Amino acid sequence: MNVPFPILYEDNHLIAINKQAGQLVQADKTGDEALPDQIKAYIKDKYNKPGDVFLGVIHRIDRPVSGVCLFARTSKALERMNEKFRERDLSKTYWAILKQKPHNEKGKLIHWLVKDHDQNRTKAHLREVPGSKRAELDFELIGERAGYFLLKVTPLTGRPHQIRVQLSTAIGPIVGDLKYGYPEANSDGSICLHARELTFMHPVQKVPVKITAAAPKLDIWKLF
């Protein structure tokens, strides 16, 4: 069958894809087809499964963001992976392209974030405020080309829009991210934030798993 997503990892318990910018991880008010429905159709066809196919959403990536997105094929894997995400018993790495160069080549950002659900925006504060949640990430400058700067970002907490708002507040907005201050959109509506790598211990087989996603094919990513 024609698979509408690159498969990065697949076994009886888990499936990971390289999500393309614009694809939905969870259905929203647009009514566009979400990735879980497409993946279920793929599994049903590939394995000739009768009836409904189980697929659990382990974590979510914003629609304009690309990269590693992991789903569970069994309830056992879903429960155990959800626990790993809650306990931060795994490692996530993102790549982000900015026009601003960070003052330091490596650093840590700590903010307290407040989510505005009506506007689907998050605001970062330098100290705790009512209703805020602590957010922390590490960053490292790993590339510089043609006035653009590539950062490796390791989130240490998992908050809505965390990387987008923390980088915008402390360094500068991610290229293409109109919501957080970049002046112009990318041609495909994406932002230059890519979930590059996910590393964890397999929830059932108890072996280390490392999943890496190739960067998007936009010219700006090809600079690096």
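The following exercises, each with a worked solution, concern a predicted model.

**Exercise 1. The cavity**

Determine how many cavities of 30 Å³ or more the structure has, and state which residues and strands line the largest cavity.

*Solution.* Rolling a probe the size of a water molecule over the atoms shows where empty space is left.

Step 1. A search of the whole structure yields one cavity of 30 Å³ or more. The space in the largest cavity is about 50 Å³.

Step 2. The lining of the largest cavity consists of His 59, Val 68, Lys 92, Thr 93, Tyr 94, Ala 195, Glu 197 and Leu 198.

Step 3. Sorted by class, this lining contains four nonpolar, two polar and two charged residues.

Step 4. At least two lining residues come from strand S5 (91-98), and at least two from strand S10 (193-201).

**Exercise 2. The nonpolar cores**

Describe the largest nonpolar core, and name the contacts of Leu 167 with residues beyond four places in sequence.

*Solution.* In soluble globular proteins, nonpolar side chains tend to be buried together.

Step 1. There are 40 residues in the largest nonpolar core, and Phe 71, Leu 151, Leu 167 and Ile 174 have the most contacts inside it. The element that gives the most to this core is S5, with five residues.

Step 2. When neighbours within four places in sequence are left aside, Leu 167 is in contact with Ala 96, Leu 98, Leu 109, Leu 151, Val 153, Gly 172 and Ile 174.

Step 3. A second core, separate from the largest, has 16 residues, among them Ile 58, Leu 70, Ala 77 and Ile 211.

**Exercise 3. The aromatic pair**

Explain why the pair formed by the rings of Phe 5 and Tyr 42 is classed as it is, and locate both residues in the chain.

*Solution.* A pair of aromatic rings is described by the distance of the centres and the angle of the planes.

Step 1. The structure contains one aromatic pair. The ring centres of Phe 5 and Tyr 42 are 6.0 Å apart, and the planes stand at 85 degrees. Planes over 60 degrees apart count as edge-to-face, so this pair is edge-to-face.

Step 2. Phe 5 belongs to the segment before strand S1 (7-10), whereas Tyr 42 belongs to helix H1 (residues 35-46); the pair therefore ties together parts that are 37 residues apart in sequence.

Step 3. Buried means under 20% relative accessible area. Phe 5, at 4% relative accessibility, is therefore buried, and Tyr 42, at 6%, is buried as well.

**Exercise 4. Two loop residues with positive phi**

Locate Asn 120 and Ala 146, and decide whether each is buried, partly exposed or exposed.

*Solution.*

Step 1. Asn 120 lies in the loop between strand S6 (106-116) and strand S7 (121-125). Its phi is near 50 degrees, a positive value in a residue other than glycine.

Step 2. Ala 146 lies in the loop between strand S8 (133-145) and strand S9 (148-155). Ala 146 is not a glycine, yet its phi is positive, at about 50 degrees.

Step 3. Exposed means over 50% relative accessible area, and partly exposed lies between 20% and that value. At 36% relative accessibility, Asn 120 is therefore partly exposed. At 63%, Ala 146 is therefore exposed.

**Exercise 5. Distance in sequence and in space**

For Glu 87 and Thr 157, give the separation along the sequence and in space.

*Solution.*

Step 1. Glu 87 is in helix H2 (residues 75-87) and is exposed, with a relative accessible area of 54%.

Step 2. Glu 87 and Thr 157 are 70 residues apart in sequence, and their C-alpha atoms are 9.7 Å apart.

Definitions and conventions. Residues are numbered from 1 along each chain as its sequence is written. This is a predicted model: local features need pLDDT of at least 70, side-chain atom pairs count only at pLDDT 80 or more; totals for chains, interfaces and linings use all residues. Side-chain values use heavy atoms; hydrogens and water are left out. On a 1 Å grid over the protein atoms alone, a cavity is a set of points where a 1.4 Å probe fits but cannot get out, and a pocket is an open set with protein on both sides within 12 Å along at least five of seven lines; lining residues have an atom within 4 Å of a point. Grid points are joined across faces, edges and corners, and a volume is the space filled by probe spheres set on the points. Helices (H or I, at least four residues) and strands (E, at least two) are DSSP runs, numbered from the N terminus. Ala, Val, Leu, Ile, Met, Phe, Trp, Tyr, Cys and Pro count as nonpolar, Asp, Glu, Lys and Arg as charged, and the others, Gly among them, as polar. A nonpolar core is a set of buried Ala, Val, Leu, Ile, Met, Phe, Trp, Tyr and Cys residues joined through side-chain atoms within 4.5 Å. Buried means under 20% relative accessible area, exposed over 50%, partly exposed in between (1.4 Å probe, protein chains only). Contact means heavy atoms within 4.5 Å. Rings of Phe, Tyr and Trp (its six-membered ring) pair if their centres lie within 6.5 Å; planes under 30 degrees apart count as stacked, over 60 as edge-to-face and the rest as tilted.
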